[in-house]
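Colleague: Before I rely on any of the labels given to this protein, I would like to hear how each of them was reached. Could you take me through the reasoning step by step?

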Amino acid sequence: MMKQLIFLWALLAPSTCLAASPGVDTALLLSGSDQWSGKCSDSIAAATKASDATVYNVKRYGAIGDGKAMETKAVQKTIDACHDAGGGIVRVPAGDFQIGTIVLKSNVTLSLDYGASLLGSTNVADYPVENLRRPREGAAHCLIYAEDAKNITIEGLGVIDGRGTHESFPRKRRGGKNSGIRPRLMRMEGCEDLTFSGVTYKRPAFWGLHLIDCKNIHFSAVTVRFRNNNYNNDGFDLDGCENVLIENCDISTGDDAICLKSSSNPCRNIVVRNCRADSNTAAVKFGSSSRGGFLDVSITNCYFHDCPMGAIKLQSVDGGRLENITISRVVMKDVGSPIFLRLGNRGSHFGDGREDAPVGTLKNIRISDVVAEVTVEDRAKAAEAVYKNLKVDTTSGVTDQEKSKAGPIMITGIPGHYVENVILENIKISYPGHGTEGDAKRLIAEDIDRYPEQYFFGVLPAWGAYIRHAKNIELKNVELTLRGDDARRKVVLDDAPGFVER
């Protein structure tokens, strides 16, 4: 298995080609008329323009950079001056600049030199919300904010560190200055033409980079370091975003690494390529916010590792359409349940006053050329998330919860509503075993309206694939193997018309 992983990863790493998607025409993507067609020429033009752009150094506007002074006003004054003059570059030189909430504006490039750090204040009083739009999910507090702006870039070799540790920003209200409030690292709403390049992002108190109803977004060579810092530390949360390219990024998170959400509008036309991700929760997740749906997404040439709660999770539970998704050329190492497809009926409307939507759809999914090694969660690694206060137990055997997290492929709809038209092709997955005769007889609750995590269903009666309320599911050249003993069946079908295994 290790040789297979290394070999396939060697194949994946050099490639930068887009995978063909049922909803994304590759020829169109590469043609002169497509959103991405002009990226190369646009980048050259942008670089030329940037060389002539006016530079606004934050130190000229009063910033000190000693890590002690509160620099919010100086940094904001620099951004405002740049914007008011028609745009340019806000330069953050080497140094430690402590800030509260800053607001980015149109035509501003925030450029961090090597050795430069924007450090989030550890006092919630430095995160005012009076002039910020309230998000559909969670509180409004955030370190970096933008609203209805265009042409914003965050670039460079510096660091944006929220310093949102569980000690400074506890999840529960305990009194004191912060009283349970946890700011996001970034929130941008209704923005267009956004570029994120090169910067390292660290330690949010809540979600990381949260973009809502934004268009024309490019993440390139971004580094994310959120793991084992605090609860709910998602990496990229893209809610209702369109025309997104995420490439060559290295993402390590406590919660979902790349998370597509759709609390109102659909996510559509999204490409993820040449990325590596690890997470305590999932490498890639669609949902659970899924009101608007997810359309035309391609994920290719990626390496997902150390994801004990699962690697790929595609979920439609709030009435949206989840359709036309292609995932290909992926290596997974030390992951829990490798593939989880869930159509449910939670029906959240996220406070918008609309009636609960009917059950959505989950169909036209193709996952191919995958090598995965499923493992039971390492207890010592789990305990590295010190905010959870876990104790390492080396005496007991594998628990039901650990077995359920290291579960099989799960594809499940609900009675009367099928997951449809799923192809799994050229896939090799190795499982750890541990299933008992009692596990093989388990009856699995429907949990129609429950929050969708696979391990909530408990230990499944199959070790390789469990497929229920799903039609036209095709397994082509899928090799599922065991490394240990298991009394369960390899594949269990329940209400799965049109199932084919070749």
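Modeller: Gladly, with the reminder that this is a predicted model, and that each label comes from setting a computed value against a cut-off.

Colleague: Then let us begin with a surface label: what makes Lys77 count as exposed?

Modeller: Lys77, which is found in helix α4 (residues 72-84), has a relative accessible area of 52%; exposed means over 50%, so Lys77 is called exposed. As for its surroundings, Lys77 and Gly62 are 15 residues apart in sequence, and their C-alpha atoms are 8.9 Å apart in space.

Colleague: How do you know how many disulfides there are?

Modeller: The whole structure was searched, and zero disulfides were found. Cys275 shows how the test works: the nearest cysteine sulfur belongs to Cys249 and is 4.6 Å away, whereas a disulfide needs the two sulfur atoms within 2.5 Å, and Cys275 is accordingly in no disulfide.

Colleague: And is Cys275 buried or exposed?

Modeller: Cys275 has a relative accessible area of 2%, and buried means under 20%, so Cys275 is buried. Cys307, at 0% relative accessibility, counts as buried as well.

Colleague: Turning to the aromatic residues, why is the pair of Phe206 and Trp207 called stacked?

Modeller: The count comes to 10 aromatic pairs. In the pair of Phe206 and Trp207, the ring centres are 4.9 Å apart and the planes lie at 10°; since pairing requires centres within 6.5 Å and stacking requires planes under 30 degrees apart, the pair is stacked. Both partners count as buried, Phe206 at 14% relative accessibility and Trp207 at 8%.

Colleague: Why, then, is the pair of Phe340 and Phe457 called edge-to-face?

Modeller: Their centres are 6.4 Å apart and their planes are at 75°; the centres satisfy the 6.5 Å limit and the angle is over 60 degrees, so this pair is edge-to-face. Phe340 lies in strand β27 (residues 339-343) and Phe457 in the loop between α7 (437-440) and β31 (462-468), so the pair ties together parts that are 117 residues apart in sequence. Phe340 counts as buried at 1% relative accessibility, and Phe457 does so at 11%.

Colleague: What makes you say that the charged end of Arg171 sits over the ring of Tyr231?

Modeller: The charged end of Arg171 is 3.6 Å from the centre of the Tyr231 ring, against a limit of 6 Å, and the position also has to be within 35 degrees of the ring normal. Lys405 likewise lies over the face of Tyr455, at 5.1 Å from the ring centre.

Colleague: Which residues have the most contacts inside the largest nonpolar core?

Modeller: That core has 107 residues, and those with the most contacts inside it are Met188, Phe196, Tyr201, Leu211 and Phe219. Leaving aside residues up to four places away in sequence, Phe219 touches several residues, among them Phe196, Leu209, Leu211, Phe236 and Cys249. Phe196, Phe219 and Phe236 also form one aromatic cluster.

Colleague: Where does strand β14 (residues 209-212) point its side chains?

Modeller: Leu209 and Leu211 point one way from β14, while His210 and Ile212 point the other way, and all are buried. Strand β11 (residues 184-189) runs parallel to β14 and is joined to it by four bridges, with Glu189 standing opposite Ile212. Four bridges also pair β14 with strand β17 (residues 236-239) in the parallel sense, and here Leu209 has Phe236 as its bridge partner.

Terms used: Residues numbered from 1 in each chain as written. Predicted model: local features only at pLDDT ≥ 70, side-chain atom pairs only at ≥ 80, totals over all residues. Heavy atoms only, no water. Helix = DSSP H or I, 4+ residues; strand = E, 2+ residues; numbered from the N terminus. Buried < 20%, exposed > 50% of the residue type's maximum accessible area, 1.4 Å probe, protein only. Phe/Tyr/Trp six-rings, centres within 6.5 Å; stacked < 30°, edge-to-face > 60°. Core = buried A, V, L, I, M, F, W, Y, C linked by side-chain atoms within 4.5 Å. Contact = heavy atoms within 4.5 Å. Pairing = 2+ DSSP bridges.
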